[in-house]
Amino acid sequence: MTNVHKIKQDMCDIGRRIYNKGFAAANDGNITVRVSDNEVLCTPTMHCKGFLKPEDISTIDMTGKQIAGSKPRSSEALLHLEIYKQRKDIKSVVHCHPPHATAFAIAREPIPQCVLPEVEVFLGDVPITQYETPGGQSFADTIIPFVDRTNVILLANHGTVSFGENVERAYWWTEILDAYCRMLILAKQLGHVEFLNEKKSRELLDLKDKWGWKDPRNTEQYKDCDICANDIFRDSWEDSHVQRRAFGAPEPMGPNANKPAAAASSGSSDQEALIQMITQRVVAELSKQR
C-alpha cells in the first residue's frame with residue numbers, strides 16, 4: 001500500500017534541500033510524485049519550497065485538475081504531467097532554478113561531455129529545450145523531443161527539470177548537473193577544460209551499461225556517433241538557438257572520427273568560437289603594445 005503521508009514528507013524534505021542549496025528563490029520550483037494511474041501529489045503555488053508541510057501538498061489528476069488539498073497546485077504542473085505521460089517508468093519530477101545549470105540554459109550553451117566521470121555515468125548528454133512561456137501546454141510540450149533519452153533537461157532561459165523513480169532520485173540529477181556546471185565555469189576561469197580521451201570515455205560507458213544505467217550511446221542507433229560531441233541531441237540545437245560559444249568541442253571520437261565528414265560535423269558554431277577566441281587574443285596583445 002502506498003504511504004501517501006510519507007511521500008508528502010519526502011517531498012517537503014526535498015523542498016528544503018532545494019531551497020537550502022539556493023536552487024529555488026522565494027516561491028520558485030515545484031515537485032510532484034505520481035501515486036496512482038490518475039493521481040499525482042503536487043506542491044502548491046506561491047509557497048517557498050524550504051518551508052513546506054505535508055498538509056500543503058495537493059492532489060491533482062492527470063489532466064491537471066485539483067482533486068484534493070486546500071492550497072492551489074503549482075501553475076507549472078502540466079510540465080510534470082507531460083513527463084509522466086511520455087515515461088511510464090517515472091514516478092517523480094522536480095523543477096527548479098539551480099544557478100550554474102540555469103546559466104547554461106540562459107546562454108544556450110551545450111553541456112560539454114567526456115569531462116567528469118560521474119556525469120558521464122549518471123547524466124550523459126543534456127538537452128536544452130526551445131523557450132516557451134511557462135505554465136501552459138505549449139511549455140509542457142517543449143520536453144517531448146528529449147524526455148525518452150534523458151532524466152534531466154535544461155529549460156531554455158528558465159531552469160531545470162529532472163525525473164526518476166522516486167523524489168530523491170529525481171532531485172539527484174539536478175544536484176549533479178548544477179555541481180558539474182559550477183566546475184565547468186570554474187575550470188573555464190582557470191583557462192582550460194581537458195577532455196577525457198576516447199578509451200577512457202568508452203570505459204565509463206561500459207561501466208554505465210554494466211551498472212544498468214541507460215545511455216543512448218550504448219544502443220545500436222548511436223553506435224557510430226561521436227561519443228563526446230553531444231551527438232544525441234545536437235540535431236535540436238538550431239531550433240533551440242543552442243551554440244558552442246564558451247566551451248569548444250573535444251577532438252572527434254568514434255568510428256567516423258578520421259573521415260572528412262566528421263571534421264565538418266562539429267559545425268560552424270565551433271569554427272566561430274575558435275575565430276572569436278583568436279580575435280580576442282590578438283586584440284589583447286595589440287592592447288599591450290600601445
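How many aromatic pairs does the structure hold? The count comes to 8 aromatic pairs, where rings of Phe, Tyr and Trp (its six-membered ring) pair if their centres lie within 6.5 Å, and planes under 30 degrees apart count as stacked, over 60 as edge-to-face and the rest as tilted. This is a predicted model, so local features need pLDDT of at least 70 and side-chain atom pairs count only at pLDDT 80 or more, while totals for chains, interfaces and linings use all residues. Residues are numbered from 1 along each chain as its sequence is written, and side-chain values use heavy atoms, with hydrogens and water left out.

Back to the rings. A pair of aromatic rings is described by the distance of the centres and the angle of the planes. Take Trp172 and Trp173, which form an edge-to-face pair with 6.3 Å centre to centre and 80° between the planes. Trp173 has 2% relative accessibility and counts as buried, whereas Trp172, at 36%, counts as partly exposed (buried means under 20% relative accessible area, exposed over 50%, partly exposed in between, with a 1.4 Å probe and protein chains only). Both tryptophans belong to one aromatic cluster with Phe122 and Trp213.

Some rings also have a charge for company. A charge sits over a ring if NZ of Lys or CZ of Arg is within 6 Å of the ring centre and within 35 degrees of the ring normal. Lys188 fits this description over the face of Phe247, 5.6 Å from the ring centre. Arg234 does it with Trp237, its charged end sitting 5.9 Å from the centre of the ring.

Next comes the sheet. It is an open one of 7 strands, with antiparallel pairing and the order S4-S3-S2-S1-S5-S7-S6. Helices (H or I, at least four residues) and strands (E, at least two) are DSSP runs, numbered from the N terminus, and two strands pair if DSSP finds at least two bridges between them. Strand S4 (66–68) and S6 are the edge strands, each pairing on one side only. Ignoring direction, neighbouring strands of this sheet are turned by 25° against each other on average. For these angles, axes are lines fitted to C-alpha atoms, for helices over the stretch in contact, and angles run from 0 to 180 degrees between N-to-C directions.

Strand S5 (residues 92–96) runs antiparallel to S7 and is joined to it by 5 bridges, with His95 standing opposite Val161 in S7. Helix H6 packs on the sheet, touching strand S1 (30–36), S5, S6 and S7, and its direction makes about 140° with that of S7. Ala170 lies in H6 (residues 167–190) and counts as buried, at 0% relative accessibility. Leaving aside neighbours within four places in sequence, Ala170 is in contact (heavy atoms within 4.5 Å) with Ser92, Val93, Val94, Ser162, Phe163 and Gly164. The C-alpha atoms of Ala170 and Val33 are separated by 9.8 Å, though the two residues are 137 residues apart along the chain.

On the other side of S7 in the strand order is S6. S6 and strand S7 (residues 159–164) pair in the antiparallel sense over 4 bridges, and Gly159 in S7 is the bridge partner of Leu155. The two strands form a hairpin with 3 residues between them, and Asn157 in the turn has a positive phi of about 55°. Strand S6 (residues 152–155) is covered on both faces: Val152 and Leu154 are buried on one side, and Ile153 and Leu155 on the other. Helix H2 (residues 77–86) is mostly covered too, with 8 of its 10 residues buried, including Leu78, His80, Glu82 and Tyr84.

Finally, the cysteines. The structure holds 1 disulfide, that is, a pair of cysteine sulfur atoms within 2.5 Å. It is formed by Cys114 and Cys228, with their sulfur atoms 1.8 Å apart. Cys114 lies in the loop between helix H3 (99–107) and helix H4 (117–122), and Cys228 in the loop between helix H7 (198–210) and helix H8 (237–240), so the pair ties together parts that are 114 residues apart in sequence. The torsion about the S-S bond is about -80°, so the disulfide is left-handed. Cys114 is buried, with a relative accessible area of 0%, and Cys228 is buried at 0% as well. What about Cys225? Its closest cysteine sulfur is that of Cys228, 8.9 Å away, which is too far for a bond. Cys225 counts as buried at 7% relative accessibility, and Cys181 is buried at 0%.
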